[in-house]
Amino acid sequence: MNAPAKTEEFVPAIPAGVFAETVTSVQHYTDRLFRFRMTRPESFRFRSGEFAMIGLMVGDKPVYRAYSIASPAWDEELEFFSIKVPDGPLTSHLQQIKPGDTVLMRKKPTGTLVLDALTPGKRLYMFSTGTGIAPFASLIRDPETYEKFDEVILTHTCREVAELKYGFDLVEEIRNHEFLAEVVGDKLRHYATVTREDYPFQGRITDLISNGKMFADLGVPRFDPAIDRGMICGSAAMLKETKALLEQAGLTEGANSKPAEFVIERAFVD
C-alpha cells in the first residue's frame, strides 16, 4: 500500500510557507468519489466558493492540485469533495487518507465563484456536474447567499444515481442544522439529474435547459437577465454549453473585477 505517511513521520519534509493540516474525517461515496474534512489554520481566511491548492508529500516532493473548498467560510474545519483517479498524481494517494494523516495547503485561496462577482439579483442558479458541486457546497451553507437572493437553485448532474448522494447529504445537513435551517428556510431548491440510469429527472442539464424541461420541473420562467444570476462549475464541455445558453438569454459573464450576471470556474479545466 502506498498510504500517506502519518504527520509525525514527515514533519521535517514539509515545505516552508504552507499549512500542514490534520485529516479529521473521510467518507467514501462510491469507487470514484469521496469527501474529507481537515483542521483549519486559525489564520486562513477565504470567501465561500473559492478554491485552494492542496497536496500531499509523495516521496520527497509535494504534489498539489486545485480543490474547491466545500465548507462555508464560517466553518471551523475545511471540507473537500474529490474524485478518485487510479493513476492521478495526487488523487491516487489522496483517496487513501485516513483521520490523523496530514494534508498540505498553500496559504492563498482564490476563485471566481464568489457572490462578489455577481450583480444583485433575485434567483441564483448553481450549475454543477460531478465534483463541480464542491464550491456550491460552500455557498449553499453560507447565510450571505440567502441575504442576497430570494431563491437558490442548485443543479447537480452525474452519470449514476449513487454519485448524487453528496448533494442530497448537504441539503439534509442544512435542513437539520441548528441555525442554517432557519436562515435557508424554503429558499434552497435542489435539482438533481442523471445521464446513465433511470431516474425521475434524467438528462444533461444543458439539454434540460434547452428543451425547457428544467424550467417546467422547477415551475420557474426561463432565464431573465433582470433577476437571474448563474454560477457554473463542471466539465469543459458543460461550461462552454451552459455559458452559451446563458449568453443567449442575455446574461453577461462577470469576474471579481467586473461583476455581472454569471460566473464560471475555469481553474479545474484542462
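User: What makes Phe 80 count as buried in this model?

Analyst: In this predicted model, Phe 80 has a relative accessible area of 0%, and since the word buried is reserved for values under 20%, Phe 80 is called buried. Tyr 67 is judged by that cut-off too, and with a relative accessible area of 8% Tyr 67 is likewise buried.

User: Why is the pair of Tyr 67 and Phe 80 called edge-to-face?

Analyst: The ring centres of Tyr 67 and Phe 80 are 6.3 Å apart, which lies within the 6.5 Å required of a pair, and their planes stand at 85°, where an angle over 60 degrees counts as edge-to-face; therefore the pair of Tyr 67 and Phe 80 is edge-to-face. Tyr 67 belongs to strand S4 (residues 61–68) and Phe 80 to strand S5 (residues 77–83), so this pair ties together parts that are 13 residues apart in sequence.

User: How do you know that the rings of Phe 34 and Phe 36 are stacked?

Analyst: A search of the whole structure gives 14 aromatic pairs. For Phe 34 and Phe 36, the centres are 6.0 Å apart and the planes meet at 25°, and because planes under 30 degrees apart count as stacked, the pair of Phe 34 and Phe 36 is given that name. Both Phe 34 and Phe 36 are buried, and ring pairs link Phe 34, Phe 36, Tyr 67 and Phe 80 into a cluster.

User: What makes His 177 partly exposed?

Analyst: His 177 has 23% relative accessibility, and the class partly exposed lies between the buried limit of 20% and the exposed limit of 50%, so His 177 counts as partly exposed. His 177 is found in the loop between helix H5 (165–175) and helix H6 (180–184), and its C-alpha atom is separated by 28 Å from that of Glu 160, 17 residues apart along the chain.

User: Why is no disulfide assigned to Cys 158?

Analyst: The closest cysteine sulfur to that of Cys 158 is in Cys 233, at 12 Å, whereas a disulfide needs the two sulfur atoms within 2.5 Å, so the separation is too far for a bond. Seen from Cys 233, the closest cysteine sulfur is that of Cys 158, again at 12 Å and too far for a bond, and the count of disulfides comes to zero. Cys 158 is buried, with a relative accessible area of 6%, and Cys 233 is buried at 4%.

User: How do you know that the buried residues of H9 lie on the same side?

Analyst: In helix H9 (residues 236–248), the residues Met 238, Leu 239, Thr 242, Leu 245 and Leu 246 are buried. They cover an arc of only 135° around the axis, which puts them on the same side of H9. These buried residues pack against strand S7 (123–129), helix H7 (205–210), strand S10 (228–233) and strand S11 (262–264), while the face turned away from the buried side carries the exposed residues Lys 240 and Gln 248.

User: What makes Arg 106 a charge that sits over the ring of Tyr 64?

Analyst: The charged end of Arg 106 is 4.1 Å from the centre of the Tyr 64 ring, and because the limit for such a distance is 6 Å, that part of the criterion is met; Arg 106 is accordingly described as sitting over the ring. Lys 107 lies over the face of Phe 19, at 5.1 Å from the ring centre.

Definitions and conventions. Residues numbered from 1 in each chain as written. Predicted model: local features only at pLDDT ≥ 70, side-chain atom pairs only at ≥ 80, totals over all residues. Heavy atoms only, no water. Helix = DSSP H or I, 4+ residues; strand = E, 2+ residues; numbered from the N terminus. Expected span 1.5 Å × (residues − 1). Buried < 20%, exposed > 50% of the residue type's maximum accessible area, 1.4 Å probe, protein only. Arc of directions from axis to C-beta. Contact = heavy atoms within 4.5 Å. Lys NZ or Arg CZ within 6 Å of the ring centre and 35° of its normal.
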